[in-house]
Amino acid sequence: MSESWEEDILDDADSSDSAVKEPQIFRLGRDTAADRLDKLLAKLLPEHSRARLQTWIEDGFVTVNQKAAKVRQIVGPGDVISVIEQASEQSKAFVPEPVEFGVVAESSAWIVVNKPAGLVTHPGAGNWHGTLLNGLLYRYPELAVVPRAGIVHRLDKDTSGLLVVARTETAQTHLVRQLQARTMGRRYLALAQGEMLDEGAVDLPIGRDPRVPVRMSVDRPIAPKPALTHYACLRVGNYQDKRQEKRVSLVECRLETGRTHQIRVHMSYLGHPLLGDSLYGSHIAVGRQMLHAYQLRFVNPESEQEVMFEAELPSDMQAVIDIVQWD
């Protein structure tokens, strides 16, 4: 910080609560060059993004000479800027929130969750609140002491179905090792475009798509990781889409690895994107990608005996299946 700034930082009683948090006071020295308030604050508080500082100004957490400030306001020598820092969305992500999700079974060591489509599993960019993790902390407060609230593996936002959550660190380690050893069984039901072969496997590494950052890819991917998907076509039929009949397949997929978007990427590679999955080439709009994690199998960390659970198809996916004219 330049010597032209005079900064008084008052005692902070509780950094997690803006209602009792004392402001930082910046008195601008005589040799300070006049500039926009948001630009000047970006120099004073380089640990915060300019966009975040602009939000604080707009929300009334910044004053200039004890008056409400504006983002484009010009400030300079003699001005006194007061800033009440606000916690970032990321820092507030791991908080209990009432979020709806189903529980299929539970023990003192684990919880088997039936995640609905549309629910994000874990907080992240653009989804810091209202996730499964927030709901788990609300319903099971003891998970606050378990890393990631006990989450062992994830499902995409618009994929429904089963996942296991650990209630203790010991159980979490046990379950994660099963994933790493590829002994945890995960089976999915999917609706794919076109008429698929009876069965097969895709053994192609998956990484970030170098052309579209939100996509994953098997075509020259960035930082690829091994990915193996087994599939079996269960039924084939005709789906009426925009006055055209299109062939679709009901497919069971079995994962040996758990890469981001794995089934979606591998099915698209085969030329059979999942219905509703526009990100990977589907031209049939059905609300979301038709993918459901219907079966989960793992070794119970308490008994060392294998347990298995199944979840019925959600109503939206069943409705699509019901209107297909199956062969």
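Two strands are said to pair when DSSP finds at least two bridges between them. Keep that in mind, and welcome to the tour of this predicted model.

**Stop 1: the small sheet**

Start by selecting residues 206-208, which form strand β13. Now add β15 to your selection: the two strands run antiparallel and are joined by two bridges. To see one facing pair, show the side chains of arginine 208 and isoleucine 222, since the arginine stands opposite this isoleucine of β15.

Which strands complete the picture here? The sheet is an open one of three strands, in the order β14-β13-β15, with antiparallel pairing. Colour β14 (216-217) and β15 (222-225) to mark its edges, where each strand pairs on one side only.

**Stop 2: the whole chain**

Zoom out until everything fits in the window. You should be able to find six helices and 20 strands. The chain is more spread out than a compact globule, because its radius of gyration is 26 Å, well over the 20 Å that the globule rule gives for 327 residues. Turn the model to follow its principal axes, along which the C-alpha trace spans about 80 × 50 × 35 Å.

Switch on a surface next. About 16,700 Å² is exposed, and carbon and sulfur atoms supply 48% of that area. Of the 327 residues, 47% are buried. If you colour by charge, you will be looking at 37 positive and 44 negative charges, whose mean positions are 6 Å apart. Contacts tell you about the fold too: among those between residues at least 6 apart in sequence, 61% join residues at least 24 apart.

**Stop 3: strand β17 and its partners**

Select residues 244-255, which make up strand β17. On display with β17 should be β11 (residues 185-193), an antiparallel partner over eight bridges. Pick leucine 191 and you will find its bridge partner, leucine 250, in β17.

Now bring in β16, residues 228-241. How many bridges link β16 and β17? There are 12, again in the antiparallel sense. One facing pair to click on is asparagine 238 with arginine 247 of β17. Then move to the turn of this hairpin, where two residues lie between the strands. One spot to inspect there is lysine 242, which has a positive phi near 50 degrees.

**Stop 4: helix α3**

Go to residues 132-139, helix α3. Is this helix mostly enclosed or open? Six of its eight residues are buried, so α3 is largely enclosed by the rest of the structure. Show Leu132, Leu133, Asn134, Gly135, Leu136 and Leu137 to see the buried ones. Their cover includes two strands worth colouring, β9 (110-115) and β10 (160-166).

**Stop 5: two single residues**

From β9, step back to the loop that joins β8 (102-106) to β9, and select serine 107. Is serine 107 buried or exposed? With a relative accessible area of 16%, below the 20% limit, serine 107 is buried. Beyond its neighbours within four places in sequence, serine 107 is in contact with Arg167 and Glu302.

For the last selection, choose threonine 170 in helix α4, residues 169-180. Threonine 170 is exposed, at a relative accessible area of 62%. Finish by drawing a distance from its C-alpha atom to that of proline 301: the two residues are 131 apart along the chain, yet these atoms are separated by 8.3 Å.

Notes: Residues are numbered from 1 along each chain as its sequence is written. This is a predicted model: local features need pLDDT of at least 70, side-chain atom pairs count only at pLDDT 80 or more; totals for chains, interfaces and linings use all residues. Side-chain values use heavy atoms; hydrogens and water are left out. Helices (H or I, at least four residues) and strands (E, at least two) are DSSP runs, numbered from the N terminus. The radius of gyration is taken over C-alpha atoms; the globule rule is 2.2 Å times the number of residues to the power 0.38. Buried means under 20% relative accessible area, exposed over 50%, partly exposed in between (1.4 Å probe, protein chains only). Contact means heavy atoms within 4.5 Å. Accessible areas come from the Shrake-Rupley method with a 1.4 Å probe; for residues, only the protein chains shown count as cover. Lys and Arg count as positive and Asp and Glu as negative; His and the chain ends are not counted. The place of a charge is taken as NZ of Lys, CZ of Arg, CG of Asp or CD of Glu.
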